[in-house]
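Thanks for coming. Please have the sequence and the model open while I talk.

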Amino acid sequence: MTIISKLAIAASLATALTSVAIAQDNLKGLTIGFSQIGSESGWRAAETSVTKQQAEERGIDLKFADAQQKQENQIKAIRGFIAQGVDAIIVAPVVATGWDDVLTEAKEAEIPVMLLDRGVDAPEDLYLTSVASDQVLEGRTAGDWLVKEVGDADCKIVELQGTVGSTPAINRKKGFEEAIVGHANLTIARSQTGDFTRAKGKEVMEGFIKAENGGADICAVYAHNDDMAVGAIQAIKDAGLKPGTDIKVVSIDGVPDIFAAMVAGEANATVELTPNMAGPAFDALSAFLADGTQPAKFIITESKLYTPADNPQGEYDTRKGLGY
Ligand code: AHR
């Protein structure tokens, strides 16, 4: 290689690195509104604290609004952000429908909107990007694990669904059903919402246990999140049964408490959901503001299965103290 071509490569590398640096720096001093769903789960608490930390690292002035699980509060908060003239909005939409009007208002005000962790049934041009997991895959991963785990044995499953009308509840149900279809020995005997909370998970599981011969007829509980699984574990113990052994427990999120339950032999599998949805969203916004780069409409985060074979004590230690 000639000295001239070496210099040319060095120069273009330097230009590329400078534009990356500019792209990362250009959020400093911006005001971004964050409409969060609430604090229904340990995962949600972690997402809130990671988002605040990601904003701080980039010098963003983050305006935080907790909607206490209500869509009307989210819509009110977003309208407030628009009225304040924020530079961008991030929103974790509690349910899938009912967003067209407020997202159109944000678009008309030329405020980019980014969706975090849940999707919406609205035209894709109303938001810049959506950062979320493949929730159908999460359900399928949980179901595939159970299919392998039970083999040919008959298995009556009870399902704790997430918030009615939310995309994780819809998609995690769909994915799990896709995994068990064609395995006649696995059946979902009962399915009800536990609203993604520990208290509701416990209460609904108590009802399932009563209805299913004191729990003796239940082979497994599939919970759409770990918090409901932890509630279910308590209900199983209260009924005098052994969670993880008498009734298998499979769920989604990867919060510290589920790893603690695995260490105690009371939970069998979880599919991890990263609480860092804001980092990729801020990076997408940064590139968009720098030179109009259109991000992927759907930025998909990883979904990894964990079982007791995956060092649950180590996973617990790594996660505790991260805002869960
Ligand atoms: O949207 C993500 C889901 O919402 C998490 O799995 C659950 O814990 C939370 O409430």
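I'll start with the sheet. This is a predicted model, and in it six strands form an open sheet, in the order β7-β6-β8-β9-β10-β12, with mixed pairing. Which strands are at the edges? They are β7, residues 186–193, and β12, residues 305–306, and each of these pairs on one side only.

Go to strand β6, residues 155–161. Strand β6 runs parallel to β8, and four bridges join the two. If you want a position to look at, Leu160 of the model stands opposite Ala223 in β8.

Now the helices on this sheet. Helix α8 covers residues 226–238 and lies across β6, β8, β9 and β10. Its direction is at about 155 degrees to β9. Helix α9, residues 256–263, also packs on the sheet, where it touches β9, β10 and β12. The angle between α9 and β10 is about 155 degrees.

Which residues of α9 are buried? Pro256, Ile258, Phe259, Ala261 and Met262 are. As background, an α-helix has 3.6 residues a turn, so residues three or four places apart point the same way. The buried residues of α9 pack against α8, β9, β10, β12 and α11, the last of these being residues 312–319. After α9 comes Gly265, with a positive phi near 80 degrees.

Back to β6 for one residue. Gln161 is found in that strand. Is Gln161 buried or exposed? Its relative accessibility is 17%, and the cut-off for buried is under 20%, so Gln161 counts as buried. What does Gln161 touch, leaving aside its neighbours within four places in sequence? Its contacts are Lys173, Ser191, Gln192, Thr193, Gly194, Asp195, Phe196, His224 and Met228.

One of those contacts, Phe196, deserves a second look. Phe196 sits in the loop between β7 and α7, where α7 is residues 198–211. Phe196 is buried, at 3% relative accessible area. Its phi is positive, about 65 degrees, although Phe196 is not a glycine. For context, most residues other than glycine have a negative phi.

There is another such case at Asn213, which is not a glycine either and has a positive phi near 55 degrees. Asn213 is in the loop between α7 and β8. With 51% relative accessibility, Asn213 counts as exposed, whereas Phe196 is buried.

Next, aromatic rings. A pair of rings is described by the distance of the centres and the angle of the planes. How many aromatic pairs does a search of the whole structure find? It finds three, and I will go through two of them.

One is Phe34 with Phe64. Their ring centres are 5.5 Å apart and their planes are at 65 degrees, so this pair is edge-to-face. Phe34 is in strand β1, residues 31–36, and Phe64 is in strand β2, residues 61–66, so the pair ties together parts 30 residues apart in sequence. Phe34 counts as buried, at 0% relative accessibility. Phe64 is partly exposed, with a relative accessible area of 33%.

Another pair is Phe176 with Tyr222, and this one is stacked: the centres are 4.0 Å apart, with 10 degrees between the planes. Phe176 belongs to helix α6, residues 167–180, and Tyr222 to strand β8, residues 220–223, so the pair links parts of the chain 46 residues apart. Phe176 is buried at 0% relative accessibility, and Tyr222 is buried, also at 0%.

Phe64 comes up again, because Lys52 lies over the face of its ring, with NZ within the 6 Å cut-off, at 4.3 Å from the ring centre. Arg319 lies over the face of Tyr306 in a similar way, at 5.4 Å from the ring centre.

Last, a pair of helices. Two packed helices are described by the angle between their axes and the distance between the axes. For helix α2, residues 42–57, and helix α10, residues 278–291, the axes come within 9 Å and cross at roughly 35 degrees. Which residues make the contact? From α2 they are Thr51, Gln54 and Ala55, and from α10 they are Ala278, Gly279 and Phe282. Those residues divide into three nonpolar, three polar and no charged.

That is what I have for today.

Notes:
Residues numbered from 1 in each chain as written. Predicted model: local features only at pLDDT ≥ 70, side-chain atom pairs only at ≥ 80, totals over all residues. Heavy atoms only, no water. Phe/Tyr/Trp six-rings, centres within 6.5 Å; stacked < 30°, edge-to-face > 60°. Buried < 20%, exposed > 50% of the residue type's maximum accessible area, 1.4 Å probe, protein only. Lys NZ or Arg CZ within 6 Å of the ring centre and 35° of its normal. Pairing = 2+ DSSP bridges. Contact = heavy atoms within 4.5 Å. Axes fitted to C-alpha atoms, helices over the stretch in contact; angles between N-to-C directions. Nonpolar A, V, L, I, M, F, W, Y, C, P; charged D, E, K, R; others polar.
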